[in-house]
Amino acid sequence: MYQVMGCDISSTQPKEQWVINAEAESLDVLLVDFLNEALFLFGTKGMLAHTLMHIQLRHTESGYSLIATIFGETYCVHHHGALKEIKAVTFHQAEVIEHESGVRAQVIFDL
Amino acid sequence: MAVKLKKTGTCKYTIPKEHNPGMRVPGVVYTDERLLDDLQEDGCLEQVANVAHLPGIVGASLAMPDIHMGYGFAIGGVAATDVATGVISPGGVGYDINCGVRLITSTLDESDVRPRIDELLGALFSSIPVGTGSKGKVKLSTAELREVAQKGAGWAVSKGYGVKQDLICCEEAGAMDGADPDSVSSKAYARGEKQIGTLGAGNHFIEVAVVDAICDEECARAFGLRTKQVVFWIHSGSRGLGHQVCTEYIKLMIEAVKKYNISLPDRQLVCAPVRSPEGERYYGAMAAAANFAWANRQVMTHWLREAVSRTFHTSADQLGMHLLYDVAHNIAKIETHTVDGQNRALCVHRKGATRSFGPGHPLVPDKYRRVGQPVLVPGDMGRSSYIMAGTEQAMRESFGSCCHGAGRLMSRSSAKKSISGRELQKQLAAQGTKVRAGHIGSLAEEAPEVYKDIDIVADIAHQAGLGKKVARLVPIGVIKG
C-alpha cells in the first residue's frame, strides 16, 4: 500500500507504535478492513508502517479476528516527500487464496 | 469476451436482458463507433450488465458516453431504482461521495491572464492546500463538522466563505435534505476535521481556462459566457470523510444483502432496500458527506477568489467572479421522473454522471430555467472541456443525466510507463498550459492521452440528446493535487 503511495518505507524508522484491530467473516474482507484501518491511521495520525509485529489472527464464531502491532513513524511531507493519495481499499475483486506454499492476496485501491 | 450490443438509436446501443439471466432490465450505452472498441476492451460493459441485476432497477442500467471500468459500478453509470421496491447501493455513489465540479466566471480576458499565469498559479497553489495528507487552514471540531454535515455550502457562506448568491447556483442549493449527522461515524469525522478547504489528489484539480468557442449563443448568454473569457474550475469531493462513510457502509451492506436475500454478481454492488434501516442510514450519511463536499468546494472558492483578487489588485466582485454552477457527479438522489406516463419516486444513482435537468424543470435555478441547468463536463489538461445545458430529452432518456468528463482510457500504471510527470509538464507548457502539481510523479497518470477525446464524448452526448453543447473551454493553467 505504501509502495502505491510512493513512500519508501525503508527510509522510515520504528519510532512509534500503533495497534490495529479488525474482525470480519472472511479472510478477504478482513484484509480489506485491515488495510482500510491502516489508511485511516495514515489519514488521521500520519502512520507510516515500518514493521508489523505480534500479529494475532484467530478464528472466531463469526469468522476471523486480527490484532496487529505496527511500528513506524509519523508522515512529514518535508521528510518523506509528497505522496499519492489512496481514497480507499475496495472490495472489488479482493481475494485471499491459501496455497501449500503460502497465501496469495489481491486488493484494488481507489486512487 | 465481447458484450453483444444492438444499435437502438442515435449513439445508443442496448445490452439485451438475455445477456445474463439475472438482468432485471437491459443495459443502454450511449456511444458510437469511435469509442466502441475501447469499451469492449475495458470491461465496463459487463459492469453495466451487472448493475442491471439490482432489485427495483427501473428502465435500464445506463452508460454515459464517458463510461469506463470502475469498482463494481462502471464510472459514467446511472441506475434509477424504485424508492418503494428498490435498493440503494454505496458502490453506486462511490468512495468520493459528491465528488463534483464548479465553475466560476470572471470579467478577465485571456490577454489579461496569460502573461501572469505563473504568478496566478503561484497564488492559487499557496492559498489552497493540495495533495495527500494536506491539512486545511481550518480545523473543525466534531460539533462543527456535524453542522457542516447538515448545512453544506450554507455553513461555509455563514462563516464568510462566499456569498448567498453562490448557494442558488449549487445543485440542492449546496445542502441535501435528509442528511443525518448521527449516521456518520466518529472515524469519518476524524478524517474530515482538518480537510475542509483542501483539494486532495488524484484527478482533482483547479483549472484556469479560457472560453474557446461558443456552441449555443442563447444558452451562453444565460450562463454569462463569452469567447476569450477566463473562468475557473474546481474539482474535488468529500475527502477522507466521504471515503470513510462509503467504506463503512459497504461493509454494513455486505451483511444487508444476506439479511434481505439479495443476489448480486459483484460484491462491490452490495445494497439494501431504500426504505430499510440500513438503506435509510446510508442515505443520511451519504447526504451528510455530500454536504461536507459542498462546503469544501465553497471554502476553496473563497480562497480562489482571494488569490485572483490579490494577483489582479481588484476585488472578486469587480472581477465578476460569480459561481456559474456546482454539480455533484457521485451521488444518489431521490427524484421524481416520468416512467411509462407515470410519475415515480426514484433513487437515481449517478456514479460519475452529471445531472442534466432540462428547460422548465423546477429544480433548475430561476436564472437558468429557460435554457436548462448548466452541465459541467471537464476534459483533460491538454485538450478542452465543455459547458453543456440540460435537455428535455435527457429527462426521457437518462433520468436527466449526462456525462461527467472525458472518461479514462488507460490505467494509471500504463500512463506512467508512457511519460514522466516532468516531461508532461514541459510538453503542456509548450502547448500553452502551465501546470503545478502537489506530486509531480502522479501527473503522468493524468496525461491527456489517458483520457478519451472530450470532443468525441461531448459530441456523442449532444447527438444522443443527453445535453446540449454550449461552450468549449481550453486550459491555460492547472493545479493538480
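Colleague: Over how many bridges, and in which sense, does strand S8 (residues 205-214) of chain B pair with strand S9 (residues 230-236) of chain B?
Modeller: Two strands are said to pair if DSSP finds at least two bridges between them, the elements being DSSP runs numbered from the N terminus (helices H or I of at least four residues, strands E of at least two). Within this predicted model, B:Ile206 in S8(B) has B:Ile234 as its bridge partner in S9(B). S8(B) and S9(B) pair in the antiparallel sense, and the number of bridges is six.

Colleague: From what pLDDT do side-chain atom pairs count in this model?
Modeller: Residues are numbered from 1 along each chain as its sequence is written, chains are lettered from A and ligands numbered from 1 in the order in which they are written, and side-chain values use heavy atoms, with hydrogens and water left out. The model is predicted, so totals for chains, interfaces and linings use all residues, local features need pLDDT of at least 70, and side-chain atom pairs count only at pLDDT 80 or more.

Colleague: How many bridges join S8(B) to strand S19 (residues 468-480) of chain B?
Modeller: Besides pairing with S9(B), S8(B) runs antiparallel to S19(B), where B:Phe205 stands opposite B:Lys480. S8(B) is also mostly covered, with seven of its 10 residues buried (under 20% relative accessible area with a 1.4 Å probe, protein chains only, whereas exposed is over 50% and partly exposed lies in between). The bridges that join S8(B) to S19(B) number nine.

Colleague: Which residue of strand S5 (residues 102-110) of chain A is the bridge partner of A:Val96?
Modeller: Strand S4 (residues 88-99) of chain A pairs with S5(A) in the antiparallel sense over eight bridges, and a hairpin of two residues joins S4(A) to S5(A). Within this pairing, the partner of A:Val96 in S5(A) is A:Ala105.

Colleague: How many residues does S12(B) give to the lining of the second largest pocket?
Modeller: On a 1 Å grid over the protein atoms alone, a cavity is a set of points where a 1.4 Å probe fits but cannot get out, a pocket is an open set with protein on both sides within 12 Å along at least five of seven lines, and lining residues have an atom within 4 Å of a point. The second largest pocket holds about 420 Å³ of space (the volume filled by probe spheres set on grid points joined across faces, edges and corners), and of its 18 lining residues the closest to its centre are B:Thr338, B:Val339, B:Met395, B:Arg396 and B:Phe399. Strand S3 (27-30), strand S12 (330-339) and helix H12 (392-397) of chain B each supply at least two residues of this lining. The most comes from S12(B), whose residues there number four.

Colleague: How many of the residues that line the second largest pocket are charged?
Modeller: By class (Ala, Val, Leu, Ile, Met, Phe, Trp, Tyr, Cys and Pro nonpolar, Asp, Glu, Lys and Arg charged, the others, Gly among them, polar), the lining has seven nonpolar and seven polar residues. The charged residues in this lining number four.

Colleague: What is the volume of the largest cavity?
Modeller: The structure holds three cavities of 30 Å³ or more. Residues of both chains line the largest one, among them A:Leu83, A:Lys84, A:Glu85, B:Arg412, B:His439 and B:Glu445, and this lining has three nonpolar, four polar and four charged residues. The space in the largest cavity comes to about 80 Å³.

Colleague: Which element gives the largest share of the lining of the second largest cavity?
Modeller: The second largest cavity has a volume of about 40 Å³, and its lining, which includes B:Val48, B:Val51, B:Leu62, B:Phe73 and B:Val78, divides into seven nonpolar, two polar and no charged residues. The elements giving two or more residues to this lining are helix H2 (44-51), strand S4 (61-68) and strand S5 (75-82) of chain B. With three residues, the largest share comes from S5(B).

Colleague: How many of the eight residues of H2(B) are buried?
Modeller: The buried residues of H2(B) are B:Cys44, B:Leu45, B:Gln47, B:Val48, B:Ala49, B:Asn50 and B:Val51, of which B:Val48 and B:Val51 also line the second largest cavity. H2(B) is thus mostly covered, and its buried residues number seven.

Colleague: Which residue of chain A does B:Lys135 touch?
Modeller: B:Lys135 is found in the loop between helix H4 (117-127) and helix H5 (142-151) of chain B, and B:Lys135 counts as partly exposed because its relative accessibility is 39%. Not counting residues up to four places away in sequence, B:Lys135 is in contact (heavy atoms within 4.5 Å) with B:Pro129, B:Lys194 and B:Thr198. From chain A, B:Lys135 touches A:Gly43.
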